[in-house]
Amino acid sequence: MKQLIIVGAGTAGTMMANKLVREMNPKEWTISIIDKHKTHYYQPGFLFIPFGTYSEKDVIKKKTQFLPKGINFIQQGIHEIDGESNTITLEDGTKKSYDILIIATGSVIVPEETEGLKGEGWHRDIFDFYTVEGATALRERLKAWKGGKLLVHMTEMPIKCPVSPLEFAFLADSFFKDTGIREKVEITYATPLSGAFTKANCSLVLGHLLKDKGIDLVPDFDIEMVNDESKYIQSYDDKKIDFDLMVTVPTNMGDEVIERSELGDELRFIPTHPNTLQGKKYDNMFILGDATDLPSSKAGSVAHFQAEVLTENIMLYVRDLELKPDFDGHANCFIESGAGKAFLIDFNYDLEPVEGDFPLPGIGPFSLLKETRMNHLGKLAFRWIYWNILLKGRPMPGISTQMSLRGKKIGHDRRKEHA
Amino acid sequence: MPERNIAQTVVQVGEDGYMTQPSEWTREIAIALAEESGIGELTQSHWDVIEYLQQYFKENQKLPTIRSLKKTKVVPTKEFYQLFPEGPLKKATKIAGLPKPASCV
């Protein structure tokens, strides 16, 4: 029997397991998936936990619930992947050989990368919302908070879900309005980017929204250190921002096993062919989801589109046929903007988010790059879609793998209006 | 492709005035661009950074990141910000005749 091993049973790995078990010949191939954790987190839901919209139970399920019959789940950590000998060494020392390896080890926050971030103040005055522990600790802190300086901060790109710190700022504004203390809270949004967001078109729209909500934007802020006693952050060029409460997205990096196996770049992300998802170093190694070094968003929707392309390419690879360069960097993200509304953006490697209707021209029901109630309902409905459609590797109705131009106002560049 | 005249040399430029042909770059162009971007006179430390960036780009066909520069001995991060204030990588690559660093999503 030939061996296909998937490393990581998160969003991307689980989708691949579900797709491949339907495609591959079970008489020829054994499919295994390795992950040390039992729990599957609905990570987009973490954003809502600090505000009490979701609780832990809304975002946690057992991994095995989503893994198909006919695959072999190995619940163990990985010590090392050796691409030369096609062998994985598990934490208990067992070795597993593979013919094809799919790496879906994701990304994690590494607050230790910033001086002073993970000190005494961590989860006391300084919080992340990228872990369930951070999000729930922040919820308790927000419940008791009487107001002051709230600093929402992003350390460096790339991060999982680049819109999430903005969404946090928008939702915080709404939350403090609802709890009646908005006028006692000063919200500052500090980012190393030159604007609110990475994509210029979108940055303008979201930048205006920050202003409308009375949130101060501090661009080009490259953090050097945190002082958790005097409560300020300082940049490499000696700018300082004071805070009473800091909510940050720390540096995101790939899994430690990638570094141990010498497969990644300085952020432990793995060099990957941007269109076929084949690894650059070994032909029988494929990478998807947050683990790649690609300039696409690190987001579940991206992993979903990648999984479609990669499944096809794995099937071509086993038949010794040429891989298809079909992944176009497609991402599709809801952006919560507070007060029960949201934006939706749809873009790829080459095309920035534009306005329009999605997915159906003239009908929608969603509006691209506009703030609507329907988009917010879409974001909430997405949790059901995630557990029931996405993870099971089923196609999303009406949404194509490659970015579609249907319903989009191409050539409508907001930057020109403001130029 | 638009062109512009820098230090009596006509060069091709793309987005935000970044040069598109590294081969057209000269030291005189760097001096003019540094003046233009408010950095003023280029010291040896500036040249060290510029040469490192050009070498890196030649070998890797991409730009290093500020993070990867930290691991080299070329320039301490703090000093990099002092040499090229307000977006050191953006400014340094422009002066070095290299592409604008992409802010990835």
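## A buried arginine in a loop

A:Arg268 counts as buried, because 23 C-beta neighbours lie inside 10 Å and the threshold is 20 or more. This arginine belongs to the loop between α6 (256–260) and β20 (285–287) of chain A. Its phi is near 65°, which is a positive value in a residue other than glycine. The model described here is a predicted one.

## The parallel sheet of chain A

In chain A, 5 strands make up an open sheet with parallel pairing, and their order is β11-β18-β12-β13-β14. At the edges of this sheet are β11 (126–127) and β14 (216–218) of chain A, each of which pairs on one side only.

Which strand does β11(A) pair with, and over how many bridges? The partner is strand β18 (residues 245–249) of chain A, and the two pair in the parallel sense over 2 bridges. Within this pairing, A:Ile126 has A:Met246 of β18(A) opposite to it.

## Helix α4 of chain A

Helix α4 of chain A covers residues 164–178 and lies across three strands of chain A, namely β12 (148–154), β13 (185–190) and β18. Relative to β12(A), the helix runs at about 160°. From its first C-alpha to its last, the 15 residues of α4(A) reach 21 Å, close to the 21 Å expected at 1.5 Å a residue.

Many positions of α4(A) are named as buried, including A:Ser164, A:Pro165, A:Leu166, A:Glu167 and A:Phe168. Further along the helix, A:Ala169, A:Phe170, A:Ala172, A:Asp173 and A:Phe176 are buried too. The buried residues of α4(A) pack against β12, β13 and β18, and also against α5 (200–212) and β21 (331–338), of chain A. Just after the helix comes A:Gly180, with a positive phi of about 80°.

## The antiparallel sheet of chain A

Chain A also has an open sheet of 3 strands, ordered β6-β7-β8, in which the pairing is antiparallel. The edges are β6 (78–82) and β8 (95–97) of chain A; each has a single partner strand, so one side of each is left without a neighbour in the sheet. On average, neighbouring strands of this sheet are turned by 20° against each other, direction ignored.

β6(A) and strand β7 (residues 87–90) of chain A pair in the antiparallel sense over 4 bridges. A:Glu80 stands opposite A:Thr89, a residue of β7(A).

## A:Phe358 and two cis peptide bonds

Is A:Phe358, a residue of strand β23 (residues 356–360) of chain A, buried or exposed? A:Phe358 is buried, since 24 other C-beta atoms are found within 10 Å and 20 or more is the requirement. Leaving aside residues up to four places away in sequence, A:Phe358 touches A:Leu344, A:Asp346, A:Gly364, A:Phe366, A:Leu368 and A:Gly407. The C-alpha atom of A:Phe358 is separated by 31 Å from that of A:Val132, which is 226 residues apart from it along the chain.

The peptide bond joining A:Phe358 and A:Pro359 is cis, with an omega of about -10°, and A:Pro359 lies in strand β23 of chain A. Another cis peptide bond runs from A:Gly364 to A:Pro365, with omega near 10°. A:Pro365 has its place in strand β24 (residues 364–368) of chain A.

## Hairpin and helix pair in chain B

Strand β1 (residues 3–6) and strand β2 (residues 9–12) of chain B pair in the antiparallel sense over 4 bridges. B:Asn5 has B:Val10 in β2(B) as its bridge partner. The two strands form a hairpin with 2 residues between them, and in the turn B:Ala7 has a positive phi of about 45°. B:Ala7 is partly exposed, with 14 other C-beta atoms within 10 Å.

Helix α2 (residues 44–60) and helix α5 (residues 88–95) of chain B pack with their axes 9 Å apart, at an angle of about 80°. α2(B) and α5(B) are therefore roughly perpendicular to each other. The residues of this contact divide into 5 nonpolar, 1 polar and no charged. On the α2(B) side are B:Val49, B:Ile50 and B:Leu53, which meet B:Ala92, B:Thr93 and B:Ile95 in α5(B).

## Where the chains meet

The contact takes 14 residues from chain A and 13 residues from chain B. On the side of chain B that touches chain A, α3 (66–70) and α4 (77–83) of chain B each supply at least two residues. The largest share of that side, 3 residues, comes from α4(B). By type, the residues on the side of chain B divide into 5 nonpolar, 4 polar and 4 charged.

Notes: Residues are numbered from 1 along each chain as its sequence is written. Chains are lettered from A and ligands numbered from 1 in the order in which they are written. This is a predicted model: local features need pLDDT of at least 70, side-chain atom pairs count only at pLDDT 80 or more; totals for chains, interfaces and linings use all residues. Two strands pair if DSSP finds at least two bridges between them. Two residues are in contact if their C-beta atoms, placed from the backbone, lie within 7 Å. Axes are lines fitted to C-alpha atoms, for helices over the stretch in contact, and angles run from 0 to 180 degrees between N-to-C directions. Angles under 35 degrees count as roughly parallel, over 145 as roughly antiparallel, 65 to 115 as roughly perpendicular and the rest as oblique. Ala, Val, Leu, Ile, Met, Phe, Trp, Tyr, Cys and Pro count as nonpolar, Asp, Glu, Lys and Arg as charged, and the others, Gly among them, as polar. The expected span of a helix is 1.5 Å times one less than its number of residues. A residue is buried if 20 or more other C-beta atoms lie within 10 Å of its own, exposed if 12 or fewer, and partly exposed in between; C-beta atoms are placed from the backbone.
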